[in-house]
Amino acid sequence: SSMSAQEPPRPPPAEPSEPEPGGRYEAVVPHWFYCKVTDTRERWVPFSAQDSERLEAAHGAGKDREDVVVPTSGGRYDVHLKRRQRVAVYWEEEASEVRRCTWFYKGDKDNKYVPYSESFSEELEEAYMIAVTLDEWKKKLESPSREIIILHNPKLMVHYHPVASSDDWVSTPTEQGRPRTVKRGVENIAVEIPNGEPLQIDHLVFVVHGIGPACDIRFRSIVQCVNDFRNVSLSMLQAHFRKAQEQQQVGRVEFLPVNWHSSLHSTGVDVDLERITLPSINRLRHFINDTILDVFFYNSSTYCQTIVDTVASEMNRLHQLFLQRNPLFKGGVSIAGHSLGSLILFDLLTNQKADSEEDEHSAQGSRTTSSNGGIEDVKEILKKLELSEYCEVFEKEKMDRQALFLCKETNLKEMGIPLGPRMKILHYISSKVDTQVRSPSQHDPESTDDGRTCQYRDIGLGQVSANYPQLNYKPTIFFAFGSPIGMFLTVRGVKRIDPNYSLPTCKGFFNIFHPFDPVAYRIEPMIVPDLEFEPMLLPHHKGRKRMHLELKEGLTRMSVDLKNNLLGSLRVAWQSFTRAPVPALEAGSTDTEAEAEASTEKQLDTKPEEPPAAVKEEAPLINVGRLNGGNRIDYVLQEKPIESFNEYLFALQGHLCYWESEDTVLLVLKEIYQTQGITLDQPLPGSQ
């Protein structure tokens with residue numbers, strides 16, 4: 001029987017091999033699991049294959065060592081091997097139990113397999129080894145809770161679970177009751193072992209929630225919602241960035257929740273909120289009520305200060321922790337906000353201080369004409385426009401940035417650039433030239449030291465007076481999901497945003513919303529008020545049917561009514577908060593009201609029969625200013641076909657799940673990777 005000891009260890013067979021009579025025993029291959037507890041229900045979840053292997057290796061190497069810590073789940077959880085605990089790194093969460101699993105029995109309630117404890121599994125394994133080696137079966141064992149397990153043969157092993165009977169006091173274990181199936185080795189139980197995540201992290205995105213701790217109708221936390229978003233992003237990378245993945249240009253994007261709500265608990269705010277919440281009439285009303293409360297809440301300067309401080313310090317803390325744990329990380333950082341979270345981020349970003357030396361557009365002319373830099377610069381521009389294939393043409397013609405800006409269509413034609421790319425280049429030139437001409441000159445007596453404040457005078461109106469903290473990094477892109485920024489600016493008395501205005505430290509800004517989201521507003525009409533144009537249609541990742549028209553018109557109407565009610569109550573709220581009359585607000589209060597109503601109408605009066613403008617060719621030529629570096633800002637999700645009114649109510653209550661929207665995730669990935677010059681395998685239909 002000892003012959004198996006001399007054999008070199010063989011890799012585990014792919015198919016669980018059945019031992020021959022008196023056959024060779026092969027040790028069971030362990031897999032590591034952790035225990036997830038939801039509402040007192042325990043579920044054992046397998047680690048990914050790579051995590052499990054890493055845990056097994058650490059276990060094999062350091063049995064006696066003090067406390068080995070193994071990072072798992074993409075570095076978001078640490079496993080403390082000795083304590084057998086899995087601990088969240090970036091947010092508060094109960095630690096969960098970890099187990100090295102080899103033997104399982106079928107559970108009572110849901111037919112899922114449950115692992116035996118490690119010590120009892122060892123007893124089972126030993127009994128099994130002896131049975132195989134000596135080919136003696138029908139082995140009986142007694143479990144720690146004094147229940148009987150019988151190994152009849154390799155294919156049939158059972159665990160007798162005693163049925164509570166009148167003679168419960170009998171202490172001898174029995175073989176009565178329902179036998180439960182016992183299995184050896186994870187490969188014999190039907191469990192899906194999750195795919196691991198790519199190790200390389202290309203970009204980090206912080207996600208900030210609105211005010212309530214719940215982020216969607218299922219009352220899940222921001223952590224759960226961001227987990228969904230991350231999972232969808234991993235499958236979108238596999239589906240749409242396969243080429244880049246194969247060439248190892250692409251790893252993954254890490255999404256981390258900024259859970260500031262819990263740090264706010266200590267302020268007693270929740271109690272105040274409870275007191276002023278209306279008795280719940282129904283969930284829809286409750287949803288709107290919550291939204292308005294959030295707003296009230298953020299508009300009072302005491303709470304506003306607490307909130308911006310908490311959000312910024314939490315974002316800085318997470319950033320620092322992430323860099324500590326990922327010392328090789330070279331990527332950029334972007335930020336995303338949902339609902340009120342996006343407004344908090346917008347206020348933070350508009351109040352970041354840019355380094356004065358980075359005031360590019362004033363210095364640009366002089367700096368980039370230096371011969372070598374100029375051509376480099378043109379490469380960058382072409383890369384940004386996704387036209388890198390024409391780099392050589394421009395190099396051959398010795399086109400530097402200055403020359404490019406002097407180009408007319410005929411010149412580009414002579415160079416043999418086709419119509420589409422020509423249009424893109426000319427649009428880019430015109431958007432840049434405009435901003436250069438119009439940005440405030442240094443001699444302008446109005447412009448203050450950094451020449452930026454005057455650009456923001458329009459927006460600064462009526463912002464809650466708070467001392468805005470600084471983030472210790474410059475975000476690449478700001479994504480707003482279902483965001484009320486447009487409504488807030490209107491209510492604060494801001495009529496329009498200067499087309500030259502851009503966020504001081506963040507070049508990109510996308511405003512993504514669902515057409516029926518009652519809390520989401522467009523931004524572009526505030527930059528280009530005199531033009532009526534549709535938002536960009538978010539390309540669908542697979543192509544999708546349009547919605548039933550009559551229903552759509554009814555829903556759009558209802559959405560307008562909701563928005564107008566919300567605006568009305570907000571305006572009252574705002575006026576009660578801003579005690580000191582702001583002259584600019586006072587004077588315009590009546591027309592602001594009318595204007596806001598009109599702009600809401602304008603935002604929603606879409607004629608469903610027309611194809612959305614995004615699909616028409618001339619759409620990209622609208623110049624929407626510098627807020628998103630000259631690119632379009634507003635993106636509307638395509639509605640899933642909704643069959644009934646109830647479904648609409650449901651969509652509304654869920655604050656329109658942006659978390660599981662593949663289209664949203666794909667836009668985020670596309671824009672992030674585009675900043676690194678990496679594109680989708682195939683451009684999506686209907687996208688710019």
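How many bridges join strand 10 to strand 11, and in which sense do the two strands run? Select residues 148-153 for strand 10 and residues 156-161 for strand 11: five bridges join them, and the strands run antiparallel. Keep in mind that this is a predicted model. Within this pair, show Ile149, which stands opposite His159 of strand 11.

**The rest of the sheet**

Now select the strands around that pair. They belong to an open sheet of six strands, in the order 8-7-12-11-10-9, with antiparallel pairing. At the edges are strand 8 (113-115) and strand 9 (139-142), each of which pairs on one side only. From one strand to the next, the twist averages 30 degrees.

Next, display helix 3, residues 118-134, which packs on the sheet. Helix 3 touches strand 7 (103-106), strand 9, strand 10, strand 11 and strand 12 (178-184). The direction of helix 3 makes about 165 degrees with that of strand 9.

**The hairpin of strands 9 and 10**

Move to strand 9 and strand 10, which pair in the antiparallel sense over four bridges. Select Lys139 and look across to strand 10, where Leu151 stands opposite. The hairpin has five residues between the strands, and Arg146 takes a positive phi near 60 degrees there.

**Salt bridges**

Leave the sheet and turn to charged side chains; the model has 21 salt bridges. Select Arg230 and Glu254, whose closest N and O atoms are 2.9 Å apart in a salt bridge. This pair links distant parts of the chain: Arg230 lies in helix 4 (residues 222-240) and Glu254 in strand 14 (residues 252-258), 24 residues apart.

Is this pair buried or exposed? Arg230 has a relative accessible area of 2%, so it counts as buried. Glu254 is likewise buried, because its relative accessibility is 1%.

Keep Glu254 selected and add Arg252. Their side chains meet in a salt bridge at 3.3 Å, N to O, and both residues are buried. Then add Arg76 and Glu197: together with Arg230, Arg252 and Glu254, they are linked in a network of salt bridges.

For a last stop, select Lys379 and Glu395, whose side chains meet in a salt bridge at 3.6 Å, N to O. Here too the pair links distant parts of the chain, with Lys379 in helix 12 (residues 371-384) and Glu395 in helix 13 (residues 391-396), 16 residues apart. Lys379 counts as partly exposed, at 31% relative accessibility, and Glu395 is also partly exposed, at 35%.

Conventions: Residues numbered from 1 in each chain as written. Predicted model: local features only at pLDDT ≥ 70, side-chain atom pairs only at ≥ 80, totals over all residues. Heavy atoms only, no water. Pairing = 2+ DSSP bridges. Axes fitted to C-alpha atoms, helices over the stretch in contact; angles between N-to-C directions. Contact = heavy atoms within 4.5 Å. Salt bridge = Lys/Arg side-chain N within 4 Å of Asp/Glu carboxyl O. Buried < 20%, exposed > 50% of the residue type's maximum accessible area, 1.4 Å probe, protein only.
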